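Work through the following exercises with the structure in view. Each task is followed by a solution in steps.

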Amino acid sequence: MASIADHQASIIDGKAIAQTIRSEIAEEVQHLSQKYGKVPGLAVVIVGNRKDSQSYVNMKRKACAEVGIKSFDVDLPEKVSEDELIQKVDELNADPDVHGILVQLPLPKHINEEKVLSEISIDKDVDGFHPLNIGKLAMKGREPLFQPCTPKGCLELLSRSGISVKGKKAVVVGRSNIVGLPVSLLLLKADATVTVVHSHTSNPESIIREADIVIAAAGQAMMIKGDWIKPGAAVIDVGTNAVDDPSKKAGYRLVGDVDFQEACKVAGWVTPVPGGVGPMTVAMLLKNTLDGAKRKIAQ
Ligand code: NAP
């Protein structure tokens, strides 16, 4: 008989699940193109030359091309004024070939991010960050036009791994506008009983230990230890933290908010970092763009 020491959690392969979703999207894009002669369009706006932002933007543009989504590239200089950026967003709002608008964050300090994001038309808000979309996410009986990509990706990983949410105890670690808060709202909408742990929570381990589902999004390397996890729980690790590792060419490696090796011995399911939630974020962006386009093209 297998002992607890032999226990091995199922690893949720986010890369493979994201690839399946991308293939499904590519098929739907082809169908739209054949039936209506139109394809979804995503405008990806970047301001300045931050290396990390550029690599995220390139990844998103390449992902669009792979599934047949037309990407509208808007590259603006670091010094662009807030008014000029808002004018660009307004042009994209008015362009019928653009079904989604993504403004890569962070923006330079002289630009008010909140003002720019609020300017994006809610029916093109594929990042799902517009206050109206978040507000609808929070309200019973209302549906946002778009759900934020990373949180949506977490729920998709659960459902495609056959893990039901309804009636389960879920603990979300983190309450940011882009991950923790919206993922807690999505879990609530899916009928979980949700607790949110943040930096002022006392004794987080005792709360996390009660959870059937843990969503870790604190940005704290390997904070969640094996003995914080309830045996058999599903653990979705959003955290992406660089830790020094002289054995790597880059001098660092990426780890999650969960101690993966320890979690494997206790959890029922666990996502790796990298290769878990990360690939799902881009897949959900493509899905949101497709859904936005379907509402316009196939009405
Ligand atoms: P963030 O804005 O820094 O928010 C972190 C949240 O965690 C805050 O709510 C903070 O609480 C809470 N927190 C910090 N330390 C804590 C602790 N010791 N115990 C409990 N809660 C704690 O970060 P974020 O943007 O949400 O990102 C979170 C992580 O996810 C980061 O590692 C980020 O790189 C990663 N991420 C990954 C993806 C992906 O696609 N894979 C996408 C987005 C983010 P307070 O509110 O009290 O300050």
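**Exercise 1.** Which element gives the largest share of the lining of the second largest pocket?

*Solution.* The model is a predicted one.
Step 1. Begin with the residues: Leu105, Glu113, Glu114, Leu117, Ser118, Phe129, Pro131, Ile134, Asn177, Ile178 and Leu181 line the second largest pocket.
Step 2. Assign them to elements. Two or more residues of this lining come from α4 (113–119) and from α5 (131–138).
Step 3. The largest share, four residues, comes from α4.

**Exercise 2.** Describe the space and the residue classes of the second largest pocket, and explain where this pocket lies with respect to the domains.

*Solution.*
Step 1. The second largest pocket holds about 270 Å³ of space.
Step 2. By class, its lining divides into seven nonpolar, two polar and two charged residues.
Step 3. The protein is divided into domain 1 (37–121) and domain 2 (148–278). The centres of domain 1 and domain 2, taken over C-alpha atoms, are separated by 29 Å.
Step 4. The second largest pocket lies between domain 1 and domain 2, because both give residues to its lining.

**Exercise 3.** Characterise the largest pocket by its volume, its lining and the elements that contribute to it.

*Solution.*
Step 1. The volume of the largest pocket is about 1300 Å³.
Step 2. Its lining consists of 42 residues, and Tyr56, Thr150, Thr240, Gly278 and Thr281 are those nearest the centre.
Step 3. The elements that give two or more residues to this lining are α1 (14–36), α2 (51–67), β4 (100–103), α6 (149–160), β10 (252–255) and α10 (278–297). With six residues, α2 gives the most.
Step 4. The lining of the largest pocket comprises 24 nonpolar, eleven polar and seven charged residues.
Step 5. Turn to the domains: at least three residues of this lining come from each of domain 1 and domain 2.

**Exercise 4.** In what order do the three strands of the open sheet stand, and is the pairing parallel or antiparallel? Locate α2 with respect to these strands.

*Solution.*
Step 1. The order is β3-β2-β4, and the pairing is parallel.
Step 2. Identify the edges. β3 (70–76) and β4 are the edge strands, each pairing on one side only.
Step 3. Ignoring direction, neighbouring strands of this sheet are turned by 15 degrees against each other on average.
Step 4. Examine one pair. Strand β2 (residues 41–47) is joined to β3 by seven bridges. Ile46 has Asp75 in β3 as its bridge partner.
Step 5. Add the helix: α2 lies across β2, β3 and β4 and runs at about 170 degrees to β2. This helix is also the element that gives the most to the lining of the largest pocket.

**Exercise 5.** Find the cis peptide bonds at Pro106 and Pro274 and the positive phi angle at Asp191, and place these residues in the chain.

*Solution.*
Step 1. Leu105 and Pro106 are joined by a cis peptide bond, with omega about 0 degrees. Pro106 belongs to the loop between β4 and α4. Leu105 is also one of the residues that line the second largest pocket.
Step 2. A cis peptide bond likewise joins Val273 and Pro274, where omega is about 0 degrees. Pro274 is in the loop between β11 (269–270) and α10.
Step 3. Asp191 has a phi near 70 degrees, a positive value in a residue other than glycine. Asp191 is placed in the loop between α7 (180–189) and β6 (193–197).

How values were computed: Residues numbered from 1 in each chain as written. Predicted model: local features only at pLDDT ≥ 70, side-chain atom pairs only at ≥ 80, totals over all residues. Heavy atoms only, no water. 1 Å grid on protein atoms, 1.4 Å probe; cavity = no way out; pocket = protein on both sides within 12 Å on 5 of 7 lines; lining within 4 Å. Points joined across faces, edges and corners; volume = space filled by probe spheres on them. Nonpolar A, V, L, I, M, F, W, Y, C, P; charged D, E, K, R; others polar. Domains from an automatic or database assignment. Pairing = 2+ DSSP bridges. Axes fitted to C-alpha atoms, helices over the stretch in contact; angles between N-to-C directions. Contact = heavy atoms within 4.5 Å.
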